[in-house]
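Subject: Structure handover

Hello,

Here is the structure I promised to pass on. Please open it beside this email and follow along.

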Amino acid sequence: MPLSGLSVLELAQGVAGPYCGRLLAEQGAMVVKVEPPAGDYARRLGPFPPSGPHPERSALYLWLNAGKQGVTLDAGSATGRALLRRLAAQAQVVVARPDAASLAALAALDEAPLVRTTITWFGADGPYRDYRGGELAALASGGLLGLTGEPGREPLAAPGPQAQYQAGLAAAVATVAAVLRAEATGQPQRVEVSVQAAVASLLEGAILGYGYTGRARGRMGSRHPAVYPSGIYPCQDGYIHVHAPGDWGAFARWAGLPERADWAADPQAHAEEIEPLLSARLRGHTRDELFRQGQEWRFPLSPVLSLEEVLADPQHQARGYFQEVEHPAAGRFPMPGPPFRLEDAPPPAPRPAPMLGQHNAEVYGALGCSSADLVRLREAGVI
Amino acid sequence: MAARPLDGVRALDLGQVYAGPFAARALADLGAEVIRVEWARRPGRATGPGAVYPQDEPGARPYNRSAYYNELNRGKRAISLDLSLERGRALFLRLVALSDVVVENFSPRVMGNLGLDYPVLREANPGLIMVSISAYGASGPWRDYGAYGPGLEAASGLASLMGYVGGPPLRLGVAYADPTAGLHAAFAVLAALRRRRRTGQGAHIELAMRESLTHMLGELLVGRGLGAGESPRQGNAHPFAAPHGVYPCKGEDTWVSISVSTEEGWQGLGRALGQPSWAQEERFRDALGRWQHREELDRHLAAWTRGLPPQEAAGRLQAEGVSAAAVQNPAEVLADPQLAAQGFFLAIAHPEAGTHLHPGVPWRLGEGPEPRPAPLFAQDNGYVLQRLLGLTGEELRALEDEGVIAEAPQG
């Protein structure tokens with residue numbers, strides 16, 4: 001595994017920090033996740049199985065923390081901070097939520113970790129540094145919310161905490177880069193990631209486009225600012241995404257639409273005439289027909305799939321994308337695979353997320369704590 | 001001492017459109033020397049219908065002025081080299097031998113057809129790290145199926161979940177799968193570089209854009225697999241928190257996001273609004289009641305937000321500890337004081353497109369990206385072919401006569 005031998009201490013809850021830690025773990029890093037005794041708050045967020053909310057059955061927690069070791073620790077207590085210092089002293093990378101207790105413990109280290117990564121909603125300084133963050137606030141201030149949804153209606157958020165995922169991904173990129181630099185120079189490195197900036201960095205040309213023209217792009221529903229036709233259309237048994245940059249003539253022949261020269265010259269300019277014809281054509285076919293026939297003609301149509309369909313998808317199955325994992329409290333369930341593969345190293349079987357405090361004995365034992373110490377720490381509420 | 005993490009790393013960027021160029025740009029931002037390899041016959045410089053140019057003027061060389069291209073390729077070099085000609089292919093392999101990374105996102109068959117798949121490149125450079133990005137992956141029944149980023153929002157399951165109540169599926173207002181795949185690819189390259197430093201081993205990274213996007217929906221798929229229901233298209237409603245959404249403000253198409261998920265937040269909201277009587281009503285007393293009566297709650301809130309500009313509404317709510325933000329359009333993002341204070345934007349002077357602010361990177365690490373413009377077409381033919389590969393000026397002219405390299409795109 002590319003990151004084998006890299007030791008990571010994760011002092012983070014929720015989504016962004018844990019997603020960073022998960023990406024590192026998936027590539028072979030040894031990640032120890034520190035949770036407060038009450039558990040990462042993601043354990044209280046869903047989705048949950050039909051049996052209802054349970055801290056060991058949160059899909060969000062089970063997904064974001066798969067493959068990590070889990071320990072509990074109260075960073076608010078002096079004993080907890082002492083323990084945290086000893087944990088941090090053994091890690092090359094610390095991914096931290098910048099809460100006061102964690103930062104105090106880190107600041108008290110004799111030697112800074114090789115790499116320290118922190119993720120904040122708006123950044124560690126600047127006029128909004130103390131603003132209350134949140135998924136919607138990050139999408140709104142970063143510019144993605146305003147571009148998403150139908151014109152004339154309210155802006156629309158994406159499913160899942162996408163802003164926080166993007167921040168976690170950016171943090172993983174910068175963290176490994178920082179490891180490379182720290183190992184090459186012997187100098188400790190600090191990485192700071194802002195969730196707002198993570199959103200603002202993926203606006204697909206909208207920032208420079210505004211700088212070039214003075215016109216700010218707006219919401220376009222499922223359509224595309226530069227390509228026509230492009231969008232989600234109803235068909236006989238669901239929805240199909242059509243995206244046809246390039247040759248109108250070939251697309252018109254495939255779709256059975258007029259090959260008019262004026263339409264070919266600028267299809268977008270004739271969208272009002274084309275839309276009803278195209279919609280009617282697509283409604284006459286099933287999603288699967290359109291997908292396969294379109295692809296045979298080299299038009300990149302895509303089916304709009306539900307989660308259930310994604311889980312049963314033949315392409316995912318052929319590639320072994322979902323692999324079953326067994327968790328002591330949640331049972332067996334399919335786990336999505338890594339976002340990429342190394343050809344010479346097939347993805348290993350997925351490992352489940354830790355139960356609360358599952359690795360306390362192992363991890364604190366390796367620090368020299370005896371079982372009697374562990375009992376005392378537990379009774380004092382430190383772990 | 002190296003100033004940036006990837007100083008001394010050279011990457012060849014065969015990326016098309018968005019995902020590949022975005023991955024290579026991240027490497028350039030981290031200090032790598034990134035050389036784009038472009039075809040005169042198929043330059044891929046985003047100059048088709050819908051292209052955006054400075055002052056809406058394509059100019060004499062539109063291929064040097066496209067916003068889409070110039071944003072995604074800042075900080076890189078570019079050469080023109082026709083890889084479909086044997087001489088071009090041979091020169092590319094010599095360049096591969098001098099490089100560390102190759103990024104490509106053609107359809108899976110293209111590199112093989114060019115005689116440039118991983119086994120061939122590895123022979124030229126055993127330590128090479130190659131990233132191949134495709135829509136659905138290099139294996140399986142859909143391996144030859146194409147898709148651009150927007151279509152993968154559909155095929156990943158994302159679009160089916162997203163939309164207004166009772167409305168059709170929708171996608172995000174940007175091609176979301178592309179930068180996501182690009183960053184996953186950059187992460188893969190960095191991890192492989194670390195392994196290579198320790199073991200000397202190269203790597204072929206295979207990235208299916210749909211799988212990369214699906215990774216961002218992990219909890220929804222795990223939940224579904226555990227038997228949780230699918231709840232498609234709920235607008236901005238949250239599964240248990242209220243109020244949660246965007247609210248209209250004073251002015252045309254202006255909105256503020258408000259999200260309350262704690263009792264503390266609810267108390268803050270009451271203070272920010274001046275303790276209105278409706279907020280004291282019994283049905284809004286606890287979180288469950290607020291969620292059950294969220295539509296009435298939304299109407300009350302909208303009546304308040306409509307009287308205020310979005311920044312003012314967000315500021316008053318934030319002053320009381322409520323998560324809120326103005327919904328910003330690209331012009332407002334560009335003027336955002338917080339992003340400016342973070343040093344997010346890069347002022348970049350481009351010789352044919354002028355000086356403009358570009359979005360930078362969301363991380364702060366060492367010196368940060370060098371603010372260099374996107375390359376002009378064929379700008380670095382001399383540097384790469386003469387200085388790196390040792391060709392003479394005469395040989396360059398011969399290559400131009402044979403159509404292997406070119407000073408300008410054809411057609």
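Helices and strands here are DSSP runs, numbered from the N terminus; a helix needs at least four residues and a strand at least two. With that in hand, Pro47(A) can be placed: this residue sits in the loop between S2 and helix H2 (59-64) of chain A. Please keep in mind that the model is predicted.

Peptide bonds

Start at that proline. Gly46(A) and Pro47(A) are joined by a cis peptide bond, with omega at about -5°. Chain B has a cis bond too, running from Ala242(B) to Pro243(B), and its omega is near 0°. Look for Pro243(B) in the loop between helix H10 (218-225) and strand S7 (244-248) of chain B. Why point these out? Most peptide bonds are trans, and most residues other than glycine have a negative phi.

Positive phi

Two residues have a phi worth checking. Glu204(A) is not a glycine, yet its phi is positive, near 50°. You will find Glu204(A) in the loop between helix H8 (195-200) and helix H9 (206-213) of chain A. Is Glu204(A) buried or exposed? Its relative accessibility is 4%, and the cut-off for buried is under 20%, so Glu204(A) counts as buried. In chain B, Gln275(B) also has a positive phi, about 50°, and is not a glycine. Gln275(B) lies in the loop between helix H11 (263-272) and helix H12 (287-292) of chain B. With a relative accessible area of 44%, Gln275(B) is partly exposed.

Chain A as a whole

Now step back. Chain A holds 17 helices and 12 strands. Its C-alpha trace spans about 80 × 45 × 40 Å along the principal axes. The chain has 383 residues, and 60% of them count as buried. Take the contacts in chain A between residues at least 6 apart in sequence: 62% of these join residues at least 24 apart. About 13900 Å² of chain A is exposed, and carbon and sulfur atoms supply 51% of that area. The chain carries 33 positive and 38 negative side chains; the centres of the two sets lie 4 Å apart.

Salt bridges

How many salt bridges does a search of the whole structure find? There are 54 over all chains. One of them joins the side chains of Lys33(A) and Glu10(A), at 2.8 Å from N to O. Lys33(A) is in strand S2 (residues 30-35) and Glu10(A) is in strand S1 (residues 7-11) of chain A, so this pair ties together parts that are 23 residues apart in sequence. Both Lys33(A) and Glu10(A) are buried.

Compare Arg253(A) and Glu259(A). They form a salt bridge, with the closest N and O atoms 2.8 Å apart. Arg253(A) is partly exposed at 46% relative accessibility, and Glu259(A) is partly exposed at 47%.

Chain B has a network of salt bridges. It links Asp13(B), Arg36(B), Glu38(B), Arg45(B) and Lys76(B).

A hairpin in chain B

Last stop. Strand S10 (residues 345-350) and strand S11 (residues 354-359) of chain B pair in the antiparallel sense, over six bridges. Three residues make the hairpin that joins S10(B) to S11(B). Across the pair, Phe345(B) stands opposite Pro359(B).

Best wishes

Notes: Residues are numbered from 1 along each chain as its sequence is written. Chains are lettered from A and ligands numbered from 1 in the order in which they are written. This is a predicted model: local features need pLDDT of at least 70, side-chain atom pairs count only at pLDDT 80 or more; totals for chains, interfaces and linings use all residues. Side-chain values use heavy atoms; hydrogens and water are left out. Buried means under 20% relative accessible area, exposed over 50%, partly exposed in between (1.4 Å probe, protein chains only). Contact means heavy atoms within 4.5 Å. Accessible areas come from the Shrake-Rupley method with a 1.4 Å probe; for residues, only the protein chains shown count as cover. Lys and Arg count as positive and Asp and Glu as negative; His and the chain ends are not counted. The place of a charge is taken as NZ of Lys, CZ of Arg, CG of Asp or CD of Glu. Two strands pair if DSSP finds at least two bridges between them. A salt bridge is a side-chain nitrogen of Lys or Arg within 4 Å of a carboxyl oxygen of Asp or Glu.
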